[in-house]
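Q: Here's a structure I'd like to understand slowly. Please pick one part, look closely, and then show me how the rest is arranged around that view.

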Amino acid sequence: MNLNGFPILSTLIFLPIAGAVLLLLISRSNENLIKWVSLIVSITVFIISIPLFTEFNKSTHLMQFTEKHAWVPSLNINYSLGIDGISILFVLLSTLITILCVLISWNSIKAKTKEFYISILIMESAMIGVFCSLDFMLFYLFWEAMLIPMYLLIGVWGGSNRIYAAVKFFLFTLVGSLLMLIGIIVLYYQAGRTFDILELMTKTYPYQLQIWLLWAFFAAFAVKVPMFPVHTWLPDAHTEAPTAGSVILAAVLIKMGAYGFIRFSLPLFPDASRAMTPVMLTLSVIAIIYGAVICLAQTDLKRLIAYSSVSHMGFVTLGIFALNSQGMEGGILQMINHGVVTGALFLSVGMIYDRTHTRQISDYGGVASAMPVYASLFMVFTLASIGLPATNGFIGEFLIILGGFKANQWAGVLAATGVIIGAGYMLWLYQRVFFMETNQKVAGLADINLREIITLLPMIILIFWIGIYPNAFLGFMHESVKHLLERVNSGSMHEVGVAKNILEIIK
Amino acid sequence: MTNLTGFSMPDLGPVMPEIVMTCLALLILLADLVIKRKETIAFLSIVSVAAVTYLLVGSTGITFNGMFIADNYSLFFKLIFMLNVVLTVLISVKYIAIEKVNFGEYYSLILLSTLGMMLMASAGDLITLYLGLELMALSTYVLAGFLRHDIKSNEAAMKYFLLGAFASAFLLYGTSLIYGLTGTTDLKAISSYISVNGLSGNPVLTLSMTMFAVAFSFKIAAVPFHMWAPDVYEGSPTSITAFMSVGPKAAGFAVLGRVFMTAFGAARIEWTGILIPIAILTMAVGNIAAISQINIKRMLAYSSIAHAGYVLLGIIAGTSEGTASVLNYLFIYAFMNIGAFAVVIMLRSEGFKGDDISDYEGLAKTHPLAAALMLVFMFSLTGIPPTAGFMGKFYIFMSAISAGYTWLAVIAVIFSAISAYFYLRIVMYMYMKEPKAAVQLSVSPGIALALTITVIAVLVIGVLPSKVINVARIAARF
Amino acid sequence: MNNYLLIPFLPLAAFLINILFGRKYLKDNAHWVSILAVAGSWVVTVITLLDVLSGKVVNEDIYSWIVSGEFKVSVGFLIDQLTAVMLVVVTTCSALIHIYSVGYMQGDKGYYRFFAYLSLFTFCMLMLVMANNFLQLYFGWEGVGLCSYFLIGYYFDKKPASDAGKKAFIVNRFGDFGFGLGIIMIFLTFGTVYYEPVFSQAKVFAVQTINFLGYDVHLMTLIALLLFCGSIGKSAQMPLHVWLPDAMEGPTPVSALIHAATMVTAGVFLVARCSPIFSLSETALMIVALTGAITSLFAATIGLVQNDIKRIIAYSTISQLGYMFLAAGVGAYTAGMFHLYTHAFFKALLFLCAGSVMHAMSGELDLQKMGGLKKYMPITYWTMLFASLSIAGVPGFAGFFSKDEILWLAYSGQSPVGKFVWAIGTVVAFLTAFYSFRLIFLTFHGKFRGTYEQEHHLHESPKAMTIPLIILCIGAVASGWIGIPHLLGGGEHFTEFLTPVLGHPEAHGTHAEEWLVMAISIIAGFSGVGLAALFYLVKTDIPVMLAQKFNATYKVLWNKYYVDELYSFIIVRPTIWTAKNILIGVTDAKIIEAIVNGIPKGIGEFSRILRKVQTGLLQRYAAIMALGVLIIMAVMLLR
Amino acid sequence: MVPLNWYLMLSAVVFMIGVFGFLTRRNIIIMFMSIELLLNAVNISLVAFSHYLQDMRGQILAVFIITVAAAEAAIGLAIIIALFRNKDTVHADEMSEMKG
């Protein structure tokens, strides 16, 4: 725990909760104070998280900023936090996204504003908690704790069909994560009564058990990613959630599933994951093409972006299960890119929704003439989402297709077609909304004001920063990814070793 | 006067709390004649419970040559019973005034029922067990029918009485069989007899174990002996429903644990064979039937049946870790369940029943604090992490898996996912719907205190469960 | 020495200034920023050209772009002879077109936006040309695609324009799909994406085969063809040519700059740049040559019947690009580049003249509504005439030298398809001459067929537009002189200049054959012009009669061989149909949603049944309890 | 001396009669009586075992059972009267106010 002993990760987790408690004390009437308090809290959390970025030591794969205290000693559960190359970027993403969510819902949330901001702050602490925890129980606690605020965000402040979407979201994730709970407990006993992830990673487990546990964890993570068959909750949740809700959902929540794969499924069950890669690659490729093609037929703006994130996350899982350094690093970077780009897309859709209160694409047309600045910002996000070079999308997608192609040629080629269809639906969306004759409904729209520009500015900066100088971000991952891949690919050597000494004994 | 000299006064130390409890219960009955304000009687009963708790901590040991055991295991259960009484009294002070049954006997009956439970918890012998059980049962029957002028309450008492008596008949039949087989009713003696003579396959033993299983399943409202629970929970006054959903259920588990672990310890495989189908059925019926309920008390009844299913998992594990998880779960269950019922009671005001789920629509808008409390309890009952409910369930699953019942844990997990649906429905009604009528809450200092205790407990245990788990682990080693 | 960095980064700076400050501050004088930037890079290009002439080749990395495992790539610049040629072409055309657009875009609403996009385009094209690795080439490649999307869809409030922009980008994306896979294959075989190591080690893998998607394929051919996919997309060759004619929706300077001089030639540049790879695989070269030849024939035939002035020039561009690929296909990369060099000038000139005609005719593009503009617009007439003479391959003009060079090298090269391709080339030369002069005669000669106020409004374009025309006209004529073949006493300086990069094309024919081929091409050129004159000046009824007689072929040509309809029938409509009915209709709704909603509904149903069991009758409860006891006893005793 | 099995048979038969009576008779008081029958069946078997085993426990428990049965009777009748006062019927099937 460097930085002269200051427990930075714990403050990151508990400061938002303290902020939420502070909000509780403020009376419901002066909403302005509530908004400013939550903004200040989220900004302070972001500022505290910046030293993570600067102080991070990129040359080691070991966990940094670690903290460890006993939590439930009798069951050997301890409160241990720490981040490495893989999780650091997500922590920063969550802190940044929360600020933007507070900004975007400044005057779009009218009812129950106090509960809204409390839920967002609790969301933030749960998100950071998931990415920092090194103890399975702590991870699971944050993983599930995030369900409550998200359920309320979608359910209370959502659109017309919000209740169905909220319940669907909740049950989908809950069933998956409960199966994971069983997996965690079985792993606990298998590895000699410990929940500590680093310790669990050193042990090897019998092959058959690895398969079972991999599928238990798959249930939880695949729902979150969302991978192909279990993705139908995402469009509903996105369409019905308020802007801030869908931004958090798209930018950070979805990443937890893929992060789970990288942090848990791969290192803990190397042989099983290697055996399962063909299945996973097929699912990812289906997700990419399925998501992209379905976007062509969408009429609702947010639903289209939701399906596009199904396709983008298909790329991420492809990168992860390519099991080579380009694919993995591409996957992780693509998670950040997707967070930034889809987050920005939802922010901008939120802005236009506040003005027109309609999500049907057919109601739009010719917005570019009314709102030129907004149109150009939206164009940048569309280009990043297509993966145009010099934007962040390209770096991630190229590395993933490279890694995917190396792992399995068919996967690489089919994934590359996703890029074409991607360009298709995004440009078609952009044309129907921004170009052509101005639709009466969107005739006299006011262009975006300063607050909204400030909300989108960090996204633009990130898009071009990662696009032009990605090493600033890729640099974090090299060591951790190398270590992870050694562990995943070394699994078999270990078994070979075991087999060898059995032979010696027989001989 | 043959060998009167042989008679020696048994050591009353360990029994002291029970004796003091009896005297205080009767004292309160008398005080009711003198004191007009019922609140003072409530206060008196809380003071007496505090006194008994104070005594409890010191008194351990075995007396009445083995018929009464006051060890850590029974102490833990008695703590749960004390907690149950205090919270019930707090929430019912204003409630029974509204229901116009504001009599002193209410409190003394609660104390007597708790006395019965304490006896059951420390029963080292089937006879003490039967006595404790009947004492608890009888006073609870009366409490169930306390609303004399309400048909539902009478009907609830009648059903509870008849079926209770029917079940205790089975208990007695079992006792007589085991007595005939082993020649003794002392649990330790029975277990040594069984292990010495190796009766594990013996049909009579299996028959008696079945009888015991039936009687205890009735008490903890496990399926297929749960039919009484929804009607009785709905019919009886809500404070008593809260009392019944925690007290007798915990006592049932105390006895179930004690009898099956000590007496039939050797024949573990057989009685797990009985309990596993019961546990699965209980979780299934409890969770599935709750989904289509419209009355909140009935829904909470089914939810408490489902929770009995989860706790059964701990018993089935059979290890001391299993028993510790049962103790831990029941302790947490007491808080969240009474908390939920407290909110239901708050909704009951002059001329407004507040029983239907639709009465909760828009509660978040009219009474945000009450809605927030109910939200915490609902999520805790579902078992979502930051709340204590999760810690309870998690520890149960751990003990079940460590005993090799992973498949049972998976089934339990699936059913608890189903349970999320009807708990969420309440949260959905409160937060996501517009209020129909202006709901008036009847808040009293008692209920406010009870709610604060329960919500703090649910959140604190959720985040820092180690204290409770350690105590439970110590208590489980009997 | 690294002042060459200014070349790309000046236009980039101009773009940033325009886009950020354009709307509020610069408004109508945004053009100064862009013109100065382009002029600046033109000056630096000339300096670098002089350096390259004196043999100095630069290959430098600026900063490391992506590092992931062994995949390392950085932004780097390679200035060699090939780049120098392209730099000259790009900067000159871009500068002239910038000046031309000041006049052309006068008073347009998004004036600053137009110049911003022009500067961005120049920046991307320069990055593409100066790259020293495949990934930066890909960066420039997609960058120019993006700018063409912006500029084609410049009048975004009109549906056809934004449709055309979208179509251009997506069709380019099809090409880039193959191109991307090519780059990945290169990385997987050579372990790096830099030109220098890849081209030097290319010979090592000359004979290797690789299993690609199940088929054993010759490695070099696979890489070459994948890269060629990119060129087809970008240079609008068959089958990805559909976007170029529609790209005419954009303003004319855009068509001149992007769809004539620079962007579309990127494909040829790519083939030329990767000549070491292409020359290692016979089949790849053959495919390139054949595609070039067929596309040029195909485009030329369509060009015959079109009536829209800009579309005719667009088809002629596709046809001339076919020529360049034909040259590359027979191994004559230098000839291809020479034709690219000359073509840039006269094709840009043709477009700009068309632009000034359109300007004068207040937006009218249809040939049938023009005629006799000679006397109203002398400068435009003469410059267009010279350009047409050059494209028709009339000796002395630039077009003749480069086209003749290609035809001669096709004929005499040892490529198996050489002779066949030469034949098609000659036929296309004839057709090119015919439709170029059909355009000249229909617009400038004969009597005016437009409306009265159009005639009244006719005037010569302003100075800002005519000066670039004149300069380009000089270029169109003089650019060929540096490559005069030895046969005619010339020094073939152009081919000498490019040999270090592209190698020297060997011609196995005798001088006599060279004269013969030159004669045939001249005859083809003149007969084309003569026939056009006959049809459109002397007996104007013949084309109409011909159109009725061969009505079927006329209709096929008029509808561009129905290629657009074919694509939308095979690709576009079925994908959207599958999306709508199968994906949303069936899989999402029927299968997944059915399960996802079905299970809770089932549980709900089961729960209602359970409620029915709870009848409230006391006896039933007791009966169930007794039943429970019996079942348990039975199970326990029988087990 | 009557062998033990006969007693057990008797108690089992009485127990069955009690259970059968409880399940079929509609009148609550009759059901109440069948419960008493059950308890007495158990008493018989207990006393038989106690005599057979020459051990006092059985009889002690029997006495306890009788006292508890008395207490039960008191409470049971009180509940029946309260119910009767409200619904003026003792028919078991009438008591189905709460269901589902």
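Let's look closely at the salt bridge between Asp231(B) and Arg298(B), and then move outwards.

A: One thing to keep in mind from the start: this is a predicted model. Let's zoom in on chain B.

Which two residues make our starting pair? They are Asp231(B) and Arg298(B), and they form a salt bridge whose closest N and O atoms are 2.7 Å apart. The two residues come from distant parts of the chain: Asp231(B) is in helix 9 (residues 228-235) of chain B, Arg298(B) is in helix 12 of chain B, and 67 residues separate them. Now, are these two buried or exposed? Asp231(B) is buried, with a relative accessible area of 0%. Arg298(B) is buried too, at 2%. To count as buried, a residue has to come in under 20%, so with 0% Asp231(B) passes that test, and so does Arg298(B) with 2%.

The pair also has company. Salt bridges with shared partners connect Lys152(B), Glu155(B), Lys159(B), Asp231(B), Glu234(B) and Arg298(B) into one network.

Follow one member of that network, Glu234(B), and you meet a new neighbour. The side chain of Glu234(B) makes a polar contact with the side chain of Asn295(B), at 3.5 Å. Where does Asn295(B) sit? You'll find Asn295(B) in the loop between helix 11 (268-291) and helix 12 (296-317) of chain B. Even though its place is in a loop, Asn295(B) is buried, with a relative accessible area of 8%. Setting aside residues up to four places away in sequence, Asn295(B) touches Glu234(B), Asp355(B), Asp356(B) and Ile357(B).

Stay in chain B for another salt bridge. Arg258(B) pairs with Asp71(B), and their closest N and O atoms are 3.0 Å apart. Arg258(B) belongs to helix 10 (residues 238-263) of chain B, while Asp71(B) is in the loop between strand 2 (68-70) and helix 3 (72-98) of chain B, so this pair ties together parts that are 187 residues apart in sequence. Both Arg258(B) and Asp71(B) are buried.

Next, hop over to chain A, where Arg303(A) forms a salt bridge with Asp236(A), the closest N and O atoms being 3.2 Å apart. Here too, distant parts of the chain are linked: Arg303(A) is in helix 13 (residues 301-321) of chain A and Asp236(A) is in helix 10 (residues 233-240) of chain A, 67 residues apart. Asp236(A) is buried, at 10% relative accessible area, whereas Arg303(A) counts as partly exposed, at 24%. If you search the whole structure, you find 35 salt bridges over all chains.

What about the nonpolar side of things? The largest nonpolar core has 703 residues, and the ones that touch the most other members are Phe136(A), Tyr151(A), Phe264(B), Phe394(B) and Phe134(C). Helix 13 (residues 320-347) of chain B contributes the most to this core, with 20 residues. Helix 13 of chain B is also home to Phe331(B), which is buried, with a relative accessible area of 19%. That value is under 20%, the cut-off for buried, so Phe331(B) counts as buried. Apart from neighbours within four places in sequence, Phe331(B) is in contact with Phe76(B), Ile80(B), Leu83(B), Ile461(B) and Val468(B).

Phe134(C), one of the core residues with the most touching members, has its own set of contacts. Leaving out neighbours within four places in sequence, they include Ile183(C), Val193(C), Tyr195(C), Phe199(C) and Leu227(C).

Finally, zoom out to whole chains. Of the five pairs of chains that touch, chains A and C have the most contacts, whereas no contact joins chain A and chain D, whose closest C-alpha atoms lie 25 Å apart. Chain D does meet chain C: 11 residues of chain C are in contact with 12 residues of chain D. Together these two chains bury about 900 Å², with 63% of it on carbon and sulfur atoms. Leu617(C), Leu618(C) and Gln619(C) supply 52% of the area that chain C buries against chain D, more than any other three residues. Unlike our starting pair in chain B, which is a salt bridge, the interface of chain C and chain D has zero salt bridges by the rule. Two residue pairs in polar contact are found across the interface of chain C and chain D.

Conventions
Residues numbered from 1 in each chain as written. Chains lettered and ligands numbered in written order. Predicted model: local features only at pLDDT ≥ 70, side-chain atom pairs only at ≥ 80, totals over all residues. Heavy atoms only, no water. Contact = heavy atoms within 4.5 Å. Buried area = accessible area lost by both parts, 1.4 Å probe. Salt bridge = Lys/Arg side-chain N within 4 Å of Asp/Glu carboxyl O. Polar contact = N/O pair within 3.5 Å; in protein donor to acceptor, adjacent residues only side chain to side chain. Core = buried A, V, L, I, M, F, W, Y, C linked by side-chain atoms within 4.5 Å. Buried < 20%, exposed > 50% of the residue type's maximum accessible area, 1.4 Å probe, protein only. Helix = DSSP H or I, 4+ residues; strand = E, 2+ residues; numbered from the N terminus.
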